[in-house]
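Biologist: I am new to this structure and would be grateful for a close look at a single part of it. Please start from one residue, and work outwards from there to whatever lies around it.

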Amino acid sequence: MHEPTQHEIFDVAVVGAGPGGSTAAAALAASGAKVALIDKATFPRDKACGDMIGPRGVALLAELGVEVKAPKRVVGDMLLVGPTGGRMALPAESGDNYPGHGWLISRRDFDNTLVEHALSFGAESVTARMSHVEAHGRGYLLRLDNGRSLEAAAVVGADGATTQVGRNLGMVDEDASLYGFAVRAYVEESVPTPVISLFRDQGALFPGYGWIFADVEGRANFGVGVGVFSDRKRSSMATQALPRYLELLKRQGWISAKAEPAGRLGGWLKMGGLGVKPARGRALLVGDAAGMVNPLQGEGIHAAMDSGLAAARALIGAGDPAQVYLEHLRRTHLPFAHAASALQRIALGHPRLAETAMTLLTSRMTPAIVGSAWGLYWNDLLRGAGRIRGAGLARAMAAAVETITRGAPERQAWGQ
Ligand SMILES: Cc1cc2nc3c(=O)[nH]c(=O)nc-3n(C[C@H](O)[C@H](O)[C@H](O)COP(=O)(O)OP(=O)(O)OC[C@H]3O[C@@H](n4cnc5c(N)ncnc54)[C@H](O)[C@@H]3O)c2cc1C
């Protein structure tokens, strides 16, 4: 670990060494920049997660040359289980720019691999909590909780959903943000197929979903995620629903009646890029700090890595970093993110409608191609889907969502 002197000067301070920060730090350090990679945790560290790296994430790791040696499980098709127990297969197929599979891997191992990758390029690890950042001269001054401070010409805020960087630099509006909260735990059971459950909880459609995924050590990772808009006091809904979801998994036979949960851990999801100004001067927010989580299914690792890389490239390259970075987000992430945010609001505001739609989707009468199309749409895999089965229908779904959500407040964000 790097021990900074009382006050040290860097080209870039990256706050947070999760997938977003480590990816940014690796690219910046590889370009020759002097980079501080600051995290309050000592790695390897655990992180609340379903432990799933989606196909785009697997493709990006290959592109970045990150060798992931830690044990992992390849995961392809998934099963969607509806509110009345109906099932719909969500098949995984290779697109033009991603493989037909994802990975299940512990975040302790995965995040540590990315940190090691960044350090191998010369990024300097600083283990301390950043307590404050402010604009200072032509750059930024960061205070750490160990009494030290850093100066940097640019800052990458990769410090997760509750971002201190974003709050200190006036880049987040919490009341306009779209939050979710998710809780995971493990059971010592093996599960043949990854399952996503849209289920009734206490007589009504749970305003989120549950999952159970096999992991690499004969365990299964299960959890629930709930959408709470900007009302963060409602996070306890997920924690309270977790034991009831476990009982449902037992009743449906996915795990045995004796399965005992362990390792419960929860965390915030910030979704759809709402309530966030991701770029201000030479301060750029990436990953969860920028609200990059998919509002429909909670995936955020690929978006964190991709936005981390884009932020690094914007800081390294010619042109105004803020403009270059925003242009990347507008082109790649935001069209889906804003439409999906609006769709999430409609679903949460009309639970009966959502339940009917989910029951139909998972009905035995529904043709399999609908599952292929929904899998592409909600996993944001349409870009590059090429001629995958269901891609045409998924494009029609995306167009329908565009029409339904036109004029929604989420679609006005970012002047879209
Ligand atoms: C229960 C749950 C399940 C999920 N399942 C999945 C899944 O299966 N697949 C998927 O793709 N996504 C999943 N997500 C989302 C995913 O975890 C995030 O999108 C992803 O971790 C974002 O990466 P990041 O680098 O932006 O932030 P993080 O991974 O949150 O990293 C932020 C880092 O910043 C550090 N930090 C925070 N504040 C400070 C500070 N002030 N000073 C110094 N360091 C600081 C933290 O210690 C942390 O290491 C899930 C989330 C939850 C909560």
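**One residue and its surroundings**

Modeller: Setting aside its neighbours within four places in sequence, alanine 303 is in contact with Gly287, Met292, Val293 and His333. Please keep in mind throughout that this is a predicted model. Alanine 303 belongs to helix α6, and it counts as buried because 28 C-beta neighbours lie inside 10 Å, where 20 or more are needed for that label. A further reference point is valine 14, which is 289 residues away from alanine 303 along the chain, while the C-alpha atoms of the two are separated by 17 Å.

From this residue we can widen the view to the helix that holds it. Helix α6 covers residues 301-316 and packs against helix α7, residues 321-332, at an angle of about 150°, with the two axes 8 Å apart. That angle makes α6 roughly antiparallel to α7, because the label applies to angles over 145 degrees. The crossing in which α6 passes α7 is right-handed. On the α6 side the contact is formed by Ser307, Ala310, Ala311, Ala314 and Leu315, and on the α7 side by Pro321, Val324, Tyr325, His328 and Leu329. Sorted by class, this contact of α6 with α7 has eight nonpolar and two polar residues, and no charged ones.

Helix α6 also has a part in covering another helix, since it is included, together with β3 (52-53) and β7 (102-104), in what covers the buried residues of α2. Helix α2 spans residues 55-64, and its buried residues are Pro55, Arg56, Gly57, Val58, Leu60 and Leu61. Just after α2 comes glycine 65, which has a positive phi, near 75°.

The ligand brings α6 into view once more. Around the ligand there are 39 residues, of which the closest are Gly16, Gly18, Gly50, Gly287 and Gly300. Gly287 has already appeared above, as one of the contacts of alanine 303. Two or more residues of the shell around the ligand come from each of α1 (19-30), β2 (35-39), β12 (178-187), β18 (262-271) and α6. By class, the residues of that shell divide into 17 nonpolar, 13 polar and nine charged.

Among the elements that share in the shell with α6 is α1, and α1 has a packing arrangement of its own. The axes of α1 and helix α3, residues 107-120, come within 8 Å of each other and cross at roughly 20°. This makes α1 roughly parallel to α3, because angles under 35 degrees are counted that way. Here the crossing, in which α1 passes α3, is left-handed. In α1 the residues that take part are Pro19, Ser22, Thr23, Ala25, Ala26 and Ala29, and they meet Asp111, Leu114, Val115, His117 and Ala118 in α3. The residues of this contact divide into seven nonpolar, three polar and one charged.

Another element of the shell is β12, and the loop between β12 and β13 (195-197) is where threonine 193 lies. Threonine 193 is partly exposed, with 15 other C-beta atoms within 10 Å, whereas alanine 303, where we began, counts as buried. Not counting residues up to four places away in sequence, threonine 193 touches Met78 and Leu79. Leucine 79 is 114 residues from threonine 193 along the chain, yet the C-alpha atoms of these two residues are separated by 6.9 Å.

Note on methods: Residues are numbered from 1 along each chain as its sequence is written. This is a predicted model: local features need pLDDT of at least 70, side-chain atom pairs count only at pLDDT 80 or more; totals for chains, interfaces and linings use all residues. Axes are lines fitted to C-alpha atoms, for helices over the stretch in contact, and angles run from 0 to 180 degrees between N-to-C directions. Helices (H or I, at least four residues) and strands (E, at least two) are DSSP runs, numbered from the N terminus. Angles under 35 degrees count as roughly parallel, over 145 as roughly antiparallel, 65 to 115 as roughly perpendicular and the rest as oblique. A crossing is left-handed if the near helix is turned anticlockwise from the far one by less than a right angle, and right-handed if clockwise. Two residues are in contact if their C-beta atoms, placed from the backbone, lie within 7 Å. Ala, Val, Leu, Ile, Met, Phe, Trp, Tyr, Cys and Pro count as nonpolar, Asp, Glu, Lys and Arg as charged, and the others, Gly among them, as polar. A residue is buried if 20 or more other C-beta atoms lie within 10 Å of its own, exposed if 12 or fewer, and partly exposed in between; C-beta atoms are placed from the backbone. A residue is near a molecule or strand if its C-beta atom, placed from the backbone, lies within 6 Å of it.
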